[in-house]
Amino acid sequence: MRALVVDHSEAGPIRFADVDEPVPSTGEALVEIRHIGLNFGELNYVHQWPAGAVHGHDAAGVVVRGASDGSGPPEGTRVAVGMAPHAWAERVAVSPASLGTVPEGVDLADAAALGIAGVTALRVLRKRSLLARNVLVTGASGGVGHFAVQLAALAGARVTALVGSPERAAGLRELGADKVLTDLAETGDRFDLVLDTVGGPLVAQAWSSLAEGGTIHLVGYSSGQETTFPSGALFGFGEPRSIATYGDMTPTGGELTDLLGLMAAGRLSAPVGLRGDWQGVDDAVQALFARKVHGKVILDVA
């Protein structure tokens, strides 16, 4: 079968290859993939995976063989695959714990956009009550950011979306952002929770805007820059503030089910900024690296 595999050469980060068919264990379903969701992190840090390995974690498709132990969805079920390894292939063996059943009325391509981005946003925002809280989402025009803005607004937060340029601000107010900024200095607000996907100097800026008892959750570092705190910045009186890392790789089935339910109810939309055939994956990767995509890249598996 055909798959997208890790390529460490200059032509990389991924390439097409013919690979062996997956052989599911007794506790795995065999899923025929219809759409894959590209993520910046997987592509930018491809050196963390072995050359030739089937890459990718997010996809959506149809179960063609249910798990032989009877667990999980049966044959014919439409499913979203989230944070499951080796997902960018024509078929993949997946634990039911990493699958979410796609309800009627939800497009499979939209379901493929959930995965890492949607689950990350949901898990971070569930760390505390958000009702009437001030929430800052940095890198809000990306996949995680789009979901975070919507979910925070649904939870009753006052949402500030921070983007890198005015062009990347489009549509964020419609998704629930109360304010859309290109520079954190544009506001004097203090934030109870910051979901940061950018890293670098912005983390230090966000720290100075953090309310007493607030937390910055670091979920990405797309800037590739170091963070330096001014002398004395980490000292303060009042309720402690904190910085939390994120790297939750536990099974995603429960969160996928919740997110898909919100989609089916019309309360959550998929941030698909680019969609095409997976034969055009090289162009899609270039567009993602060039920051030309607002939201997720979804490719149809022919």
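These are my notebook entries on a predicted model, covering one helix, its surroundings, some salt bridges and a loop residue.

**Entry 1: helix α3**

I started with helix α3, which spans residues 115-125. Is this helix mostly covered or mostly uncovered? I found it mostly covered, with 10 of its 11 residues buried. I wrote down the buried ones: Gly115, Ala117, Gly118, Val119, Thr120, Ala121, Leu122, Arg123, Val124 and Leu125. Arg123 caught my eye in that list, and I return to Arg123 in Entry 4.

**Entry 2: the nonpolar cores**

Next I looked up the largest nonpolar core, which has 44 residues. Which of its members touch the most other members? They are Leu125, Val135, Val149, Leu172 and Leu260. I was pleased to meet Leu125 again, since Leu125 is also one of the buried residues of α3.

I then picked Leu172 and listed its contacts, leaving aside its neighbours within four places in sequence. Leu172 is in contact with Ala140, His146, Val149, Ala161, Val163, Ala177 and Val180. There is another core apart from the largest one, and this other core has 29 residues, among them Phe16, Val31, Val81 and Val281. I added a reminder for myself: in soluble globular proteins, nonpolar side chains tend to be buried together.

**Entry 3: where α3 meets α7**

I moved on to helix α7, residues 253-264. How do the axes of α3 and α7 cross? They come within 10 Å and cross at roughly 90 degrees. Angles of 65 to 115 degrees count as roughly perpendicular, so α3 and α7 are roughly perpendicular to each other.

I also noted who meets whom. From α3 come Gly115, Gly118, Val119, Leu122 and Arg123, and from α7 come Glu255, Leu256, Asp258 and Leu259. Sorted by class, this contact has four nonpolar, two polar and three charged residues.

**Entry 4: salt bridges**

How many salt bridges did I find in the model? The count comes to eight, and I looked at some of them.

Back to Arg123, as promised: the side chain of Arg123 meets that of Asp248 in a salt bridge, at 3.2 Å from N to O. This pair links distant parts of the chain, as Asp248 lies in the loop between β13 (242-245) and α7, while Arg123 is in helix α3, 125 residues apart. Is Arg123 buried or exposed? Arg123 has a relative accessible area of 8%, and buried means under 20%, so Arg123 is buried. Asp248 is partly exposed, at 26%.

Arg275 and Asp300 form another salt bridge through their side chains, at 3.0 Å from N to O. Arg275 sits in strand β14 (residues 272-277) and Asp300 in strand β15 (residues 296-300), 25 residues apart. Both partners turned out partly exposed: Arg275 at 45% relative accessibility, Asp300 at 22%. I noted after this that salt bridges sharing partners join Glu21, Glu90 and Arg91 into one network. Within that network, the closest N and O atoms of Glu90 and Arg91 are 3.9 Å apart.

**Entry 5: Ala270**

I finished with Ala270, in the loop between α7 and β14. Ala270 is partly exposed, with a relative accessible area of 22%. What does Ala270 touch, not counting residues up to four places away in sequence? I listed Asp110, Ala113, Phe147 and Met263. I also looked up Gly143, which is 127 residues from Ala270 along the chain; their C-alpha atoms are separated by 8.7 Å.

Terms used. Residues numbered from 1 in each chain as written. Predicted model: local features only at pLDDT ≥ 70, side-chain atom pairs only at ≥ 80, totals over all residues. Heavy atoms only, no water. Buried < 20%, exposed > 50% of the residue type's maximum accessible area, 1.4 Å probe, protein only. Helix = DSSP H or I, 4+ residues; strand = E, 2+ residues; numbered from the N terminus. Core = buried A, V, L, I, M, F, W, Y, C linked by side-chain atoms within 4.5 Å. Contact = heavy atoms within 4.5 Å. Axes fitted to C-alpha atoms, helices over the stretch in contact; angles between N-to-C directions. Parallel < 35°, antiparallel > 145°, perpendicular 65-115°, else oblique. Nonpolar A, V, L, I, M, F, W, Y, C, P; charged D, E, K, R; others polar. Salt bridge = Lys/Arg side-chain N within 4 Å of Asp/Glu carboxyl O.
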